[in-house]
Amino acid sequence: MQTNTKTENQPISEVLQKKREALILRFISGKAPDFPRKHARFLDDYFRESFVISRIGPHMGLSKNPYAIIALGGYGRQEQCIHSDVDLLFLFGKYVPDQAEELIREVVYPLWDIGLDVGYATRSMKECIGMALEDLEVLTPILDARFICGMSPLYSDLMEKLRNKIGRRKTKSIIKQLIEHNRDRHHYFGDSAYLIEPNLKEGQGGLRDYHTMLWIAQIKTNLKEIRDFIYHGYLSHEEYDYLINSLQFIMNVRNRLHHLTGRRCDRLHFEYQIPLAAVLGFQPENGQQPVERFLGELHAHMEFVKQQHLMFFYELGYTPKLKRRKKVVKSSSVTALEVTDEGMLNFVSPEKILEAPDLLIKIFEESVRLEIPLSIEAKRLVKEFSYLVDHNFLSASENIKSFERILTAPPSTFNVLDEMLNTGILVKFIPEYKKIENRIQYDRYHLYPVDRHSLRTIQTLKTFGTAEGAAKDPLGADLYKELKNRRLLFWAALFHDIGKGTPAESHSISGAGIVRKALAGRGFKEKDIETVTFLVAEHLRLVKTATRRDLYDEQTAIHCARIIGDIKRLKLLYLLTVADSMATGPIAWNDWTATLLKDLFFKVFSILEKGELATHEAMEVVASKKTKILESAPDPEARQNLQTLFNFMSPRYLLYMPAKHILEHIHLYNTLGAAEFVWNVTPTPDSNTRTVTVCAQDRPGLFSKISGIFTLNNLNILDAQAFTWRNNIALDIFEVTPPPDQLFEADRWSRAEGHLQAALTGRLDLAGALQEKMAAYRTSSRSTRPRPHRVVVDNEGSSFFTIVEVFAYDFPGLLYSITDALFRCKLDVWVSKIATNVDQVVDVFYVRDFDGQKVDAPDQVAAVKAAIAEVLPGAGDTKP
């Protein structure tokens, strides 16, 4: 018996409000799984009772001009989320009477008063049909229309007349508009199956994809319920069940997002993901955080919706270009396969698969060769018969060769490996992929689930053989074309992140163990296994070294060269590194990363080609530079002055600084005089960065102050080198991003120069100036930072310096805060590298104490770690 009924004096809107509140509480506690439908029914009750007790309705002449209240859009579909709009149509048979406005006030205004967003239209039958035929935004909500109350024949008449008016002539035009709108929507909102912050409704893989399928099916076949998709052959029973499950999951997430934000919100912003994972009951498992498991399941469901949406369009014969696929004059060389009239690949019959299970991989090989996709029926059959992939199938050499031909094939307009993943056959053929399937890494660094990222890495590698790839990375394109056999490179790309499915300190090391076992079981030669295992184990070596170590230090390249061993491996590793970084996202691959990586590649290449640099060779390089610089002197006195300056310069500086730059630095020094500092700002060739060379009277904390000034002026530091000449002159070279507004770049640099002058002379309280900018980040919630800060002190990586690595969440003034802490520990910063590790930044510093010694005493190391931890947001949330 319904307990929440209207009392004599209680407005029905208040009754509705109480019923909604109780329903929402039951939903949040998990006791109202069918919330959207029940929510819609409560609204129906309100409108029906409003109709019954209306003071305006009886005076509107229903017999001559009947009216009906009709639910539209999501309310019509009974998908009424917590904060969704309530869309209504007040439909009149002949004309909209004057009293309609009073009726709206009577029915709609009370809902506004209780906080509901109600959208309504008042139209006559003729107006409604005319507008629907002219405007897609009017038509689609009516396609979802549902009668609530009033004169029901009016609703039936509307739907029948609309269908007759659409007819055959309008059907194609309307569907074309829907597809165009669909394409534009995907372009604007992106692929929600992959985005870090997916749009649950409008993005590709979101609820709107399902709605579009429903609208087109209604126009073509008068389909009304999703279950009718089975009858019309758009879905199998299994696909229908999974689609319902996926839609319910996405809808549940959307409702909980509405409740969490207190408003209509369809984009799953980063800050809501951890709380949602908690309320949905996800627990840590297999090394994954609850939020990663939640996002993995969400992405899997959205990917399924996306795939069903794409298959639906293929089934109807529509391509993204809105043209029916032309018949292709192609035929399969495999007798059990055929090309359909629509130009797609299919099995001749299901029985053929039972007779020859290897067709399950042959059909994908043919898809690559003919450059045509599988039909929907073929994909369904692949899923249905995937149980035939047993040990014999996996170990058959011909099946392995078929897969390798798919793996190494040139890039096509569609990714066949993606199709293998979507149908489930890839996980069957590569069982090791099961643990990384839909596995999410919760950060702003990795844009794609691990399995999709791995396939994108392969696809990126393939583009190196095209003009597009050559434009993105010319060196990579040249190296790729040199490779005679790319087979092992592609196996390494396929497996490079396989270790992420197994909790371990290093996914590269654990992945190498998995790969060795996987390839041995597939009959690979030991030499080939060694190559692929090496590439997987070391696939982060180059990028970590390039972004975190001093490339001017000869030991950096020598250490890499010793590990890599030969030039062929170096080339393979470079290609895998670039493809992996490009496939990860824009944070992992940019102009600056590319420049550093190429620099390291050529240094290591030179060592592998010529052998490790000997001391006499280094001396020859320095002598050659000195000669070249001395030749530029106009007279003997100038040459003598240069000789004097050479004595002040460190061997490291003379060895790795190009002669041209040394001359520029000498000129800068000559202009210093008695000034606190002088600097020079120049654009960096081949990347959109700026090189800022600061020549100053050396003093403790100089590096920290310069870093703080850059932060104060919104200039991000990418890299820094600090050189101290023996005449107490500091030469600090910073690589920074340009100012946000490059139209006024000169003014910004002039202002920053003034700030530095004031900071060095004590006229500017730099710490105070930065305090407000840094404060908001220091107090940010730890709940949005799933990984703790980490400080590593390394005394093995360099002969002359202690290397301090700080893994932390970025905030304005981070570099200043750390370098200031190092200064207070009486340490000089000689080199600084800024890199990205997942969603954290990694600031790396080569330091020595004020006496020029390494920091290797245990109490010194502990003091450094404690000082840095103290200045990071969430002090105490730091690992040693």
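In which order do the four strands of the open sheet with mixed pairing lie? The model is predicted, so local features need pLDDT of at least 70 and side-chain atom pairs count only at pLDDT 80 or more, while totals for chains, interfaces and linings use all residues. Residues are numbered from 1 along each chain as its sequence is written, and side-chain values use heavy atoms, with hydrogens and water left out.

**View 1. The open four-stranded sheet and two helices packed on it.** The strand order is β3-β2-β1-β4; strands (E, at least two residues) and helices (H or I, at least four) are DSSP runs numbered from the N terminus. The edges are formed by β3 (118-124) and β4 (146-150), each of which pairs on one side only; two strands pair if DSSP finds at least two bridges between them. Direction ignored, neighbouring strands are turned by 25° against each other on average. Strand β1 (residues 67-71) runs antiparallel to β4 and is joined to β4 by four bridges, and Ile69 stands opposite Cys149 in β4. Helix α2 (residues 35-53) packs on the sheet and touches β1, β2 (86-92) and β4, its direction making about 30° with that of β4. Helix α4 (residues 100-107) also packs on the sheet, touching β1, β2 and β3, and its direction makes about 150° with that of β2. Angles run from 0 to 180 degrees between N-to-C directions, and axes are lines fitted to C-alpha atoms, for helices over the stretch in contact.

**View 2. The crossing of helices α24 and α26.** The axes of α24 (residues 487-495) and α26 (residues 526-537) come within 9 Å and cross at roughly 45°. The two helices are therefore oblique to each other, given that angles under 35 degrees count as roughly parallel, over 145 as roughly antiparallel, 65 to 115 as roughly perpendicular and the rest as oblique. The crossing is right-handed, the near helix being turned clockwise from the far one by less than a right angle. Arg487, Leu488, Trp491, Ala492 and Phe495 of α24 make the contact with Asp528, Thr531, Val532, Leu535 and Val536 of α26, where contact means heavy atoms within 4.5 Å. By class, seven of these residues are nonpolar, one is polar and two are charged; Ala, Val, Leu, Ile, Met, Phe, Trp, Tyr, Cys and Pro count as nonpolar, Asp, Glu, Lys and Arg as charged, and the others, Gly among them, as polar.

**View 3. The packing of helices α35 and α38.** Helix α35 (residues 702-712) packs against helix α38 (residues 814-824) at an angle of about 165°, with the axes 8 Å apart. The pair is therefore roughly antiparallel, and its crossing is left-handed. Phe703, Ser704, Ser707 and Gly708 of α35 meet Leu815, Tyr816, Thr819 and Asp820 of α38. The contact comprises three nonpolar, four polar and one charged residue.

**View 4. The hairpin of strands β9 and β10.** Eight of the nine residues of β9 (residues 717-725) are buried, that is, under 20% relative accessible area (1.4 Å probe, protein chains only). Eight bridges join β9 to the antiparallel strand β10 (residues 729-736), and Ala720 has Phe734 as its bridge partner in β10. Three residues lie between the two strands, and Asn728 in the turn has a positive phi of about 65°.

**View 5. Phe270 in helix α12.** Phe270 lies in α12 (residues 270-279) and is buried, with a relative accessible area of 8%. Phe270 and Tyr442 are 172 residues apart in sequence and 9.3 Å apart in space, C-alpha to C-alpha.

Definitions and conventions: Buried means under 20% relative accessible area, exposed over 50%, partly exposed in between (1.4 Å probe, protein chains only).
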